[in-house]
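I opened the model to go through its overall build, its cores, its main pocket and one residue of interest. These are my entries in the order I made them.

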Amino acid sequence: MNIYKIDDIKELPFDSVVTVGMFDGVHIGHQHILSMLTAEARRLRMVPLVVTFDRHPQQVLCPDVPFLRVSTNEERYEHLHENGVTDVVEIHFAPEVAHLSACEFFREILVGRLHARSLVLGYDNMFGSKANNDFDQLPRLAEESGFQIVVDTPVEAGGVAISSTRIRHALKSGTLNEVKELLGRNYAVAGTVVRGRGVGKTLGYPTANISLDEPMQALPKEGVYAVSVVVEGGKERFPAMANLGPQPTFDEKTSTFEVNIIGSSENLYEKHLAIEFLVYLRETRKFASVDELVSQLERDRSASLAI
């Protein structure tokens, strides 16, 4: 897969069919747009090209409001490639980009530098400055340029359009089945194992404490989950259980993300892990004794293995 930085491009050496967007999560709705993009590219014998941004516009336009990502850039590009995209142009989203109107973006970037000849848009997809909003002028500009715009229809689940915002809400409520339906796959995150307090090891359930690749990545609600884990450098997927939240039995109020891998005794410190959420098992709660907690952990382990 070719990933171009816009600042490194004077102009691309090929004509393209392009779509523009963040594609956070590359959910089922995004996948439908990408199928239209690749089909249109085949029809016109051009390259399917995704134009995206290195950070979500909300992170720049509303810096004081925390914004949670559904996927990291690396995960986005991996899923774009899985959906037939061979080339991506990444734009550093800065104020000067935010100030471009839709028509300016069209003329200067899509046509001028990227040789785009056709544009595929989602049903609610817009780009360009809201303060200088001329998006409704794009069809006229496209017609004058001999340029085609293809607009997708909404993809729904349960009668409601699929969106990254809807996925964030489902994660927050812990409804993993809905998240899986909207993504077309289990929700997954990645991170590096860092030093923890070592409490799990004393209980016979050593845990890997995870520092996420994307600190602002959305996580499911606090609780205990059955997950699966792939360790850096390997392909085997291990069953595991994860705890998201504090350790109230030990009066520890700091929220952490810990994973106990079943069937592996490997030293995981500083290893990179890919973690896939499968099933929400239970809430995090304070137990009357350590023995009671260990008994519950054994039940959690059995439930995770069964899954």
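Before the lookups I fixed the terms for exposure: a residue is buried under 20% relative accessible area, exposed over 50%, and partly exposed in between. I also noted that this is a predicted model.

**Entry 1, one residue.** I looked up Pro-239 and found it in strand E12, which covers residues 237-247. Is Pro-239 buried, exposed or partly exposed? Its relative accessibility is 30%, and because partly exposed lies between under 20% and over 50%, Pro-239 counts as partly exposed. I then listed what Pro-239 touches, not counting residues up to four places away in sequence: Val-227, Ile-261, Ile-262 and Leu-305. I also took the C-alpha separation of Pro-239 and Thr-153, which is 39 Å for two residues 86 apart along the chain.

**Entry 2, overall build.** I counted 10 helices and 14 strands in the protein. The C-alpha trace spans about 75 × 40 × 35 Å along its principal axes. Of the 307 residues, 50% count as buried. The protein exposes about 15400 Å², and carbon and sulfur atoms supply 50% of that area. For contacts with a separation of 6 or more, I found that 74% join residues 24 or more positions apart.

**Entry 3, cores.** Which residues have the most contacts inside the largest nonpolar core? I found Val-51, Val-89, Ile-91, Phe-105, Leu-110, Leu-114 and Phe-127, in a core of 34 residues. Elements giving two or more residues to this core include strand E2 (16-20), strand E3 (47-53), strand E4 (87-91) and helix H6 (138-144). Helix H5 gives the most to this core, with 6 residues. I noted a second, separate core of 32 residues, which includes Val-179, Ala-218, Phe-257 and Phe-277. Going back to Val-89, I set aside its neighbours within four places in sequence and found contacts that include Tyr-4, Ile-6, Leu-49, Val-51 and Leu-114.

**Entry 4, largest pocket.** I read off a volume of about 1200 Å³ for the largest pocket. How many residues line the largest pocket, and which lie nearest its centre? There are 41 in the lining, and Met-22, His-56, Asp-124, Asn-125 and Met-126 lie nearest the centre. I sorted the lining into 20 nonpolar, 16 polar and 5 charged residues. Helices H1 (28-44), H2 (57-61), H4 (95-98) and H7 (164-173) each supply at least two residues of this lining.

Notes. Residues numbered from 1 in each chain as written. Predicted model: local features only at pLDDT ≥ 70, side-chain atom pairs only at ≥ 80, totals over all residues. Heavy atoms only, no water. 1 Å grid on protein atoms, 1.4 Å probe; cavity = no way out; pocket = protein on both sides within 12 Å on 5 of 7 lines; lining within 4 Å. Points joined across faces, edges and corners; volume = space filled by probe spheres on them. Helix = DSSP H or I, 4+ residues; strand = E, 2+ residues; numbered from the N terminus. Nonpolar A, V, L, I, M, F, W, Y, C, P; charged D, E, K, R; others polar. Buried < 20%, exposed > 50% of the residue type's maximum accessible area, 1.4 Å probe, protein only. Contact = heavy atoms within 4.5 Å. Areas by Shrake-Rupley, 256 points an atom, 1.4 Å probe, with all protein chains shown as cover. Core = buried A, V, L, I, M, F, W, Y, C linked by side-chain atoms within 4.5 Å.
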